[in-house]
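Biologist: Could you walk me through some of the labels on this model? I would like to hear the cut-off behind each one.

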Amino acid sequence: MSKDAKARKEKGKILSFIPTGEYYFKKGIKAYHRRDFFKAKKYLSRALQLEQGEPMIACQLAIVSTELGEFEDSNRLLHLILEDLDDEMVECHYFLANNYAHLGFFKDAYHHVKLYLELDPDGDFSEDAQELLEILAFEYDGLDEEYDPQDDLIVKQEQARELLESGYFPKAIELLTEVIKEYPEYWSAYNNLALAYFYLGKNEKAESILDEVLKKNPGNLHALCNKMVFAHYQGKLKFVNQMVDTLKKIQPILSEHQYKLGTSFALVGEYELAYMWLKKLYKSGFDGDGPFYYWLSYSAYFMGHDAFAQNIWKKVLELSPDKEGFEPWKEEQAVANGFEDHSGSIFQKLESDYVEERLFALFLTTVSSKKDEIIQSKRLFQNPKFTSLEKEYISHIRSGRPSRVADAQEVAQLFYESHHPIGTVEAGLYLMWFTVFVEVLKANIQLKNKRAWAGAVEYVWHRLRSEKVSQQEVAQRYGISKATIGKYVKRVNELLQ
């Protein structure tokens with residue numbers, strides 16, 4: 001035994017090993033040289049998590065993504081390096097040129113390879129770049145014309161979509177704002193910008209963007225569908241029903257519009273309309289993505305087409321293996337027994353893009369028979385969508401320490417006394433409450449009379465469902481006066497506007 005080892009033993013200390021970004025970077029490089037690209041990506045992704053501003057790690061991860069054929073992911077990283085981390089890493093232009101060539105964006109490829117050769121004519125990749133430039137110029141006419149920045153519009157929109165799907169909402173907002181500034185009538189960018197703000201919980205900003213689109217471009221289908229979906233997640237059932245009545249009269253010709261309409265109907269639970277449009281696309285040979293098959297399977301199942309739904313689900317798992325366990329038939333079982341005792345449904349809601357749904361899922365965890373399983377799960381620890389609010393809620397669940405989410409929990413617990421198990425219908429009440437709670441926090445309102453808040457939210461929920469119920473009836477249930485519930489109903493309606 002060495003002296004150092006003896007010394008450590010005598011002192012009785014255990015020296016813990018905490019891997020660093022450099023440690024994972026070296027492991028990633030070794031895996032890359034062995035051409036084990038999946039492991040290389042795993043190690044380099046971890047390295048970048050630990051050292052987010054390190055351009056060398058980001059660049060190496062981009063190279064590995066290219067090797068795996070993940071050209072869009074690679075491009076996102078390369079643009080991140082050039083725009084935010086280190087604009088002097090000019091070799092990124094050469095890597096971008098390669099990626100764009102593979103994707104078929106030859107003008108963009110030509111632009112970046114020329115830029116690389118101008119910035120570093122004797123660089124490590126200059127010979128390869130020159131060869132690529134010659135191939136592009138020989139094979140494709142018109143590439144030597146002056147580069148038009150508008151050619152980059154579709155690429156920027158695609159980058160923004162990837163940022164949205166990856167949860168990089170502030171970066172997506174930055175990129176989309178830039179696109180709108182350059183192309184003020186590019187409505188797709190506006191709609192995606194509204195989505196980004198909505199995902200961040202900035203509902204008013206999202207709504208104002210959609211209103212702006214509809215004012216300048218009346219009848220914009222994407223904006224109309226987004227308004228319906230936003231209202232659904234905010235518990236505005238009356239408005240959702242109005243939008244469904246409007247949208248079901250529309251008969252779009254473009255497959256893109258049929259897809260948007262079908263998935264939007266599915267999102268708000270209008271499965272008959274969803275199935276009609278999505279099945280029509282499927283029969284026409286539409287080359288759908290993961291969400292297309294996901295919602296086609298769901299709408300088919302809830303319309304009674306079990307065999308077809310199960311067959312389509314196989315396609316879902318091919319494209320998105322992480323969806324295993326979220327089959328619609330399991331979802332229906334969860335509804336029958338209550339969402340609270342179906343961990344798959346709880347995890348699905350925990351990974352939602354909407355903060356209200358994530359908070360609802362954490363409440364479900366507190367009343368679930370599988371609470372310990374969920375609260376100790378790696379999936380919970382590693383959830384990238386959690387804000388400080390959800391983390392505070394988890395801390396409260398574990399320790400019971402007083403916090404602002406304790407008030408939200410107490411109101412939801414009042415609902416649970418009368419509204420359990422929690423199925424699809426009951427879920428609307430809880431989602432409405434957590435939507436109100438988020439607005440309460442923004443307005444810095446103190447939740448002193450919790451029974452009044454619970455009674456008011458329940459009354460508004462019943463009314464939005466067109467159910468006949470009096471304020472007096474709900475007030476008696478919660479042990480408050482009619483005058484009090486009337487006062488709080490007004491406050492709830494104001495917060496839900």
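Biologist: What makes D407 and K450 a salt bridge?

Modeller: The closest N and O atoms of D407 and K450 are 3.4 Å apart. A salt bridge is a side-chain nitrogen of Lys or Arg within 4 Å of a carboxyl oxygen of Asp or Glu, so the label applies. The pair links distant parts of the chain, with D407 in helix α25 and K450 in helix α27 (residues 450-464), 43 residues apart. Helices here are DSSP runs (H or I, at least four residues), numbered from the N terminus.

Biologist: And where do these numbers come from?

Modeller: This is a predicted model, where local features need pLDDT of at least 70 and side-chain atom pairs count only at pLDDT 80 or more, while totals for chains, interfaces and linings use all residues. Residues are numbered from 1 along each chain as its sequence is written, and side-chain values use heavy atoms, leaving out hydrogens and water.

Biologist: Why is K450 called buried?

Modeller: Buried means under 20% relative accessible area, exposed over 50%, and partly exposed in between (1.4 Å probe, protein chains only). K450 has a relative accessible area of 14%, so it counts as buried. Its partner D407 has 22%, and therefore counts as partly exposed.

Biologist: How do you know that E392 and R404 form a salt bridge?

Modeller: Their closest N and O atoms are 2.8 Å apart, which meets the salt-bridge cut-off. E392 sits in helix α24 (residues 388-399) and R404 in helix α25 (residues 404-418), 12 residues apart. R404 is partly exposed, at 39% relative accessible area.

Biologist: What makes E207 and K227 a salt bridge?

Modeller: Here the closest N and O atoms are 3.2 Å apart, so the pair qualifies. E207 lies in helix α12 (residues 203-216) and K227 in helix α13 (residues 221-233), so the pair ties together parts that are 20 residues apart in sequence. Both E207 and K227 are buried. E207, D211 and K227 are linked in a network of salt bridges. The structure holds 13 salt bridges.

Biologist: How many disulfides does the structure hold?

Modeller: Zero. A disulfide is a pair of cysteine sulfur atoms within 2.5 Å.

Biologist: Why is C92 not bonded to C59?

Modeller: The sulfur of C92 is 4.3 Å from the closest cysteine sulfur, in C59, which is too far for a bond. Both cysteines count as buried, C59 with a relative accessible area of 6% and C92 with 0%.

Definitions and conventions. Helix = DSSP H or I, 4+ residues; strand = E, 2+ residues; numbered from the N terminus.
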